[in-house]
Amino acid sequence: MPAFLLLDISASFAQFLRTTTLLEWVAVATGFVCVWLAARESLWNFPAAIVSCGLYVFIYHGARLYSDRNLQGLFIALGLYGWYEWLHGGRGRTALRVSRTTGREWLAGAGFAAAYTLGFGYYLGHYTDATLPYVDSFTTAGSIVAQYLLTRKRLENWLLWIVVDVIYVPVLWYKELYPTSGLYALYLGLAAYGYWQWRRALVMPAQPLAPAPR
């Protein structure tokens, strides 16, 4: 291997170590665990998500990704809501089962995503020092819709996560959040796995949920 290439790799690795904090590593680890558990239909995904989102409030604020920072607060609220819904949101207040997204939900989600992207993107672009305001707003809007569908156990939430993750990977790398960028690359694989698992659950008999954390 040429010497200049070795030097370039060493410099990149050193930059990686300088710009990565312990806080981000912990957020990455809990975020990965959260998505893995969600793909497995485990209730434990919600407490893991709440911890990870709480940490990312500080991480995204430091990266000037303000829309994504605000998103974490909403994710925490949706995590609490989803926790309850998975336990009692089914027919007769039974455990919720995997189902398909309705036409009304698709229309509402698309309308919300368009309005949020244009409206909040304009605000961020004109009144803050935000980086990539419209891209940031679009990924936020898509994440909100996907997370809501996840709380309702709609199969297609995983397809939306795939779209969002494809955008997040280069954006987070550009912002030098390297472990988080790598995490979203892993999320792509987990989203595909989750879609496969939940699709199987549509035609399988009801399975007992993992015990709820106390």
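Where does glutamate 41 lie? The exercises below work on a predicted model.

**Exercise 1. Place glutamate 41 and arginine 64, and describe their backbone and exposure.**

Step 1. Glutamate 41 lies in the loop between H2 and H3. Arginine 64 is found in the loop between H3 and H4.

Step 2. Check phi. Most residues other than glycine have a negative phi. Glutamate 41 has a positive phi of about 60° and is not a glycine. For arginine 64, also not a glycine, phi is positive at about 60°.

Step 3. Classify exposure. The partly exposed class runs between the buried limit, under 20%, and the exposed limit, over 50%. Glutamate 41 has 22% relative accessibility, so it counts as partly exposed. Arginine 64 has a relative accessible area of 34%, so it is partly exposed.

**Exercise 2. Work out the surroundings of threonine 128.**

Step 1. Locate the residue. Threonine 128 is in the loop between helix H5 (103-127) and H6.

Step 2. Classify it. Its relative accessible area is 27%, so threonine 128 is partly exposed.

Step 3. List the polar contacts of the side chain. The side chain of threonine 128 reaches the backbone oxygen of leucine 124 at 2.8 Å. A polar atom of that side chain lies 3.1 Å from the backbone nitrogen of alanine 130.

Step 4. Look further along the chain. Leaving aside residues up to four places away in sequence, threonine 128 touches Tyr66 and Tyr123. Arginine 64 is 64 residues from threonine 128 in sequence, yet the C-alpha to C-alpha separation is 9.2 Å.

**Exercise 3. Decide whether threonine 140 is buried or exposed, and find its partners.**

Step 1. Threonine 140 belongs to helix H6 (residues 133-151).

Step 2. The limit for buried is under 20%. Threonine 140 has a relative accessible area of 1%, so it is buried.

Step 3. Its side chain reaches the backbone oxygen of aspartate 136 at 2.8 Å.

Step 4. Beyond four places in sequence, threonine 140 touches Ser67, Asp68, Leu71, Tyr116 and Tyr168.

**Exercise 4. Characterise the packing of H4 with H6.**

Step 1. Take the geometry. The angle is about 5°, and the axes are 9 Å apart.

Step 2. Assign the class. Angles under 35 degrees count as roughly parallel. H4 and H6 are therefore roughly parallel to each other.

Step 3. Name the contact residues. H4 contributes residues including Ser67, Asp68 and Leu71, and H6 contributes residues including Asp136 and Thr140.

Step 4. Sort by class. The contact of H4 with H6 has 10 nonpolar, eight polar and three charged residues.

**Exercise 5. Repeat the analysis for H2 with H8.**

Step 1. H2 and H8 pack at an angle of about 5°, and 9 Å separates their axes.

Step 2. That makes H2 roughly parallel to H8.

Step 3. Among the contact residues are Val35, Ala38 and Ala39 of H2, and Leu190, Gly194 and Trp198 of H8.

Step 4. By class, this contact has 15 nonpolar, four polar and one charged residues.

**Exercise 6. Which residues touch the most other members of the largest nonpolar core?**

Step 1. The core holds 38 residues; Leu150, Trp158 and Trp161 touch the most other members.

Step 2. Trace the sources. Elements giving two or more residues are H2, H3, H4, H6, H7 and H8. H8 supplies the largest share, seven residues.

Step 3. Inspect one hub. Beyond four places in sequence, tryptophan 158 touches residues including Val35, Ala38, Ala39, Leu150, Leu190, Gly194 and Trp198.

Conventions:
Residues are numbered from 1 along each chain as its sequence is written. This is a predicted model: local features need pLDDT of at least 70, side-chain atom pairs count only at pLDDT 80 or more; totals for chains, interfaces and linings use all residues. Side-chain values use heavy atoms; hydrogens and water are left out. Helices (H or I, at least four residues) and strands (E, at least two) are DSSP runs, numbered from the N terminus. Buried means under 20% relative accessible area, exposed over 50%, partly exposed in between (1.4 Å probe, protein chains only). A polar contact is a pair of N or O atoms within 3.5 Å; within protein, one must be able to donate a hydrogen and the other to accept it, and residues adjacent in sequence count only if both atoms are side-chain atoms. Contact means heavy atoms within 4.5 Å. A nonpolar core is a set of buried Ala, Val, Leu, Ile, Met, Phe, Trp, Tyr and Cys residues joined through side-chain atoms within 4.5 Å. Axes are lines fitted to C-alpha atoms, for helices over the stretch in contact, and angles run from 0 to 180 degrees between N-to-C directions. Angles under 35 degrees count as roughly parallel, over 145 as roughly antiparallel, 65 to 115 as roughly perpendicular and the rest as oblique. Ala, Val, Leu, Ile, Met, Phe, Trp, Tyr, Cys and Pro count as nonpolar, Asp, Glu, Lys and Arg as charged, and the others, Gly among them, as polar.
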